[in-house]
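With the structure open in a viewer, follow the stops below in order. Each one says what to select and what is there.

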Amino acid sequence: MNIESLRILLVDDSEDDVIIIQNCVNGISETGVHLDCARTFNDGHSRLSGSQYDVCLVDYHLDRKTGFEFIREAIERGFNLPFIIITGQDDNQVERLVLAAGATDYLVKNELKPAILGRAIRYAIERKRVEKQIALARDEALESDNAKSEFIANMSHEMRTPMNGVIGMLDLLAETEINSKQREYLMLARFSAKSMITILDRILDYASSCEAGRDHLLTEFNPRGLAEKIANSMQYNAEHKGLHLTRIYSSDLPELLFGDAVSLGKILHHLLENAIKFTEQGSVALSLKSNPGKEGYIRLSCEIRDTGIGVPEDQHEAVFSPFHQVDGSFTRRFGGVGLGLSIVVRIVEKMGGEIGIKSRKGEGSCFSFTLPMRVVTENKPSSSQIDDIGGSVLNLQGEKLITGQNRKLKVLLADDSKVTRTVFSHILEKNGHQVVTANDGSEAVARFQQESFDAILMDVQMPLMNGLNATRMIRAKELTTGAHIPILALTASDTKNDLEKCLQTGMDGYIHKNVTAAELLETLASYVNKVSGGENPEPKSFAARVGDLSAELTPDNDVVQPEDNERCMKTLCRYLHEALEYRNEALMEKYSLSLKRLASQAKSSKVADETFRVQLAFRRGDFDKAALHLAALESILSEVAVGKGFKFDM
Amino acid sequence: MKTLIVEDDFISRRILKEILTPYGECDIAIDGEEAVQAFRMATDENVPYDLVCMDIMMPNMDGQEALKAIRSIEKGRGVSEEDEVKVVMTTALGDPKTVVEAFYRGGATAYIVKPIGKQKLLQELRDFKLIL
């Protein structure tokens, strides 16, 4: 840092101090150092907002407040520059307070000399620079960690699809006429494929447990019922190994808790699975009890104790880290990816709980964790009971979804910042609204044309197309339908000018990005009610929406001459005949796709539907039907030729 | 039983078709948009589907959207609740959010996490009384 171009802000209410420091500053350098003086707490803050400073010197005493309070508030407001406290006294307490308040250094008044002040300033600036670099490096590391988790999640997902093919085909093969040897091979192959899927699931679980902000739905649930469900699902594995799986529930366990039941289930599942896996004989015991917590909460405390191989004391910490197994050698007895406990730790930490292990080698293990959980008391707000759901696949065990009383909205959220999208989606979805996101203005416009929404939240500054232009386009499109969707600007700005610009463009209002969840929901609801309260337009039927969709699907905006379009369609029809004759499905799909595209350009749903009928029949293997539909398609097209001018059905 | 299979993955389509063809005609749609179109056409022609087997992750229009569209077409035509088409959603994603979405907001009848086992699927159909 070149000291000649320094900008210093001094916040000091004493005339004498200002003179002393002014002299010192002048002594640092004859030229170039710019010193601003603020004489009060508030003046200091407004100057900080007003211009850029390299360092801020703050007197220990300020009006009726202290310099520490000044610094704390400044940091809270996001000012990230080095602060140096100027104090009259020097003792341990001051030093401790200085650092606690977030100041970089302190100087004692009667020791002030130009050299000392200059050095303190240089050091403080340098220290701040290093701090910022570290923070940046940390952010980058986190980001790359997230990218990795995302990659792992995607990969495991991608791998499941072909595995699905493997298993399905093996199943089909097993039903053909095969001898018993072949059947045995098939069953072994299927077993392997199944194990592979279990591993993929585990990795997917791990990756998603790393992902920040990925919450499960909060539900009301019965802790005992949940634990029973998990334990029952493990019963078979335990019995298979000759182990007793016992459960102990304390009598003070509440009937109903409110929280993330899915995650709690996962924790229990992994811990029980581990206990059973690493125990050769004896028993596995699960116990659940309730410890007092802060008001309205309990600390749900759970223990899983086994009589298995145990964990040597020097490895207690390591077992919780990913990819770790006590015996990691090539000859290890136990399989698995070694992710179970690290998943558990992450989930427990995310839920604000603690986990620990008590174990010695050869003497079994005891894993215990506690989680804060809200207790549901009787006079709870009415949460609508979800209807009994059919299907044996899903069993939520009487858990109820929490829903608010307000109307559920479908909201389009356009913002280029992933953080904003995540946060706002999270708030809205948590309250039962449906959110569709767009990364920029042009995507927002495209989405708006494809689906119908109750409201749009639109960031103003976005790449490619900003929020104002997107709003203009949407308003222009609405001219034809007479509809008016509430568009609210998402903005970080408070200036009247900016907000007026939003309203002039056709937005209905704005929401500040620092808004609280309650404010967001309230503002959104008020604008939606305002619009639907006036005219209360019938929501478009979906059939109509799909109609709109195909009309908008025109691949590009080139104007195709109707005659050309018509000729192309007829040519494609001829090709389709050939594809049908040779039973070539790939070609049939290709020509049909082109035909449907042309049909949508010509706004003819008749042609598109008939083409699709050809496709469906062909895919079924019903070639006679396909030929019939193709003939029908040709007659539709020839009618057009007669009518000319391309008047279709829509 | 008339079935509409909605799948973007070729092999998964084949598997479902092999499993279900013995029980009746199977149409195939390769994305949500096609599914909605096929459903609308079949309803208009008075030969509705008894079963829709639909993947959730698909290009153009995903399974959740398509399911909503299908339910809304039924509503528009005044189809009574017991005559609604049975919809089995299939997906590689077993996370609760997807499941909840499929059931509560979309109106799926059942939900199967891939891999789709033949017995698992047929059991569902027996539960719906679509097959014996």
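Begin with the aromatic pairs: over all chains of this predicted model, a search of the whole structure finds 5 of them. Select A:Phe41 and A:Phe70. Their ring centres are 5.5 Å apart and the planes stand at 90°, so this pair is edge-to-face. A:Phe41 belongs to helix α2 (residues 41-50) of chain A and A:Phe70 to helix α3 (residues 67-76) of chain A, so the pair ties together parts that are 29 residues apart in sequence. Are these two rings buried or exposed? A:Phe41 has 3% relative accessibility and counts as buried; A:Phe70, at 0%, also counts as buried.

For another of the pairs, select A:Phe320 and A:Phe367. These rings are edge-to-face, with 6.0 Å from centre to centre and 90° between the planes. A:Phe320 is in the loop between β12 and α9 of chain A, whereas A:Phe367 is in strand β14 of chain A, so the contact ties together parts that are 47 residues apart in sequence. Both A:Phe320 and A:Phe367 are buried.

Keep strand β14(A) in view and add its neighbour. β12(A) and β14(A) run antiparallel and are joined by 9 bridges. To see the register, pick A:Ile298, which stands opposite A:Met373 in β14(A). Now add β11(A), which is joined to β12(A) by 9 bridges, again in the antiparallel sense. Here A:Lys289 stands opposite A:Ser301 in β12(A). β11(A) and β12(A) make a hairpin with 4 residues between them, and A:Gly296 in the turn has a positive phi of about 85°. Beside this turn, select A:Lys294 and A:Tyr297: the lysine lies over the face of A:Tyr297, 5.1 Å from the ring centre.

Next, colour the nonpolar residues. The largest nonpolar core has 44 residues, and A:Leu264, A:Ile267, A:Leu268, A:Leu272, A:Leu286, A:Ile304 and A:Met373 have the most contacts inside it. Which elements give two or more residues to this core? They are α7 (223-240), β9 (244-249), α8 (261-277), β11 (283-292), β12 (297-306), α9 (340-350) and β14 (365-375) of chain A. α8(A) supplies the largest share, 8 residues.

Centre the view on A:Leu264. Leaving out residues up to four places away in sequence, A:Leu264 touches A:Phe221, A:Leu226, A:Leu300, A:Met351, A:Phe369, A:Leu371 and A:Met373. Apart from this core lies another, of 27 residues; B:Val36, B:Phe39, B:Leu67 and B:Val85 are among them.

Return to chain A and select α9(A). How many of its 11 residues are buried? The count is 8, so the helix is largely enclosed by the rest of the structure. The buried residues of α9(A) are A:Gly340, A:Leu341, A:Ser342, A:Ile343, A:Val344, A:Val345, A:Ile347 and A:Val348. Just after α9(A), A:Gly352 takes a positive phi of about 75°.

Move on to the parallel sheet. In chain A, 5 strands form an open sheet in the order β17-β16-β18-β19-β20, with parallel pairing. The edges are β17 (434-438) and β20 (509-512) of chain A; each has a single partner strand, so one side of each is left without a neighbour in the sheet. On average, neighbouring strands of this sheet are turned by 25° against each other, direction ignored.

Select strand β16 (residues 410-414) of chain A together with β17(A): the two pair in the parallel sense over 5 bridges. The bridge partner of A:Leu412 in β17(A) is A:Val436. Then show A:Lys410 and A:Phe453, where the charged end of the lysine sits over the ring of A:Phe453, 5.1 Å from its centre. Add helix α10 (residues 418-430) of chain A, which lies across β16, β17, β18 (455-459) and β19 (487-491) of chain A and runs at about 165° to β17(A).

Finish by zooming out to chain A as a whole. Chain A contains 19 helices and 20 strands. Of its 650 residues, 42% count as buried. Among contacts in chain A between residues at least 6 apart in sequence, 67% join residues at least 24 apart.

Terms used: Residues numbered from 1 in each chain as written. Chains lettered and ligands numbered in written order. Predicted model: local features only at pLDDT ≥ 70, side-chain atom pairs only at ≥ 80, totals over all residues. Heavy atoms only, no water. Core = buried A, V, L, I, M, F, W, Y, C linked by side-chain atoms within 4.5 Å. Buried < 20%, exposed > 50% of the residue type's maximum accessible area, 1.4 Å probe, protein only. Contact = heavy atoms within 4.5 Å. Pairing = 2+ DSSP bridges. Axes fitted to C-alpha atoms, helices over the stretch in contact; angles between N-to-C directions. Phe/Tyr/Trp six-rings, centres within 6.5 Å; stacked < 30°, edge-to-face > 60°. Lys NZ or Arg CZ within 6 Å of the ring centre and 35° of its normal.
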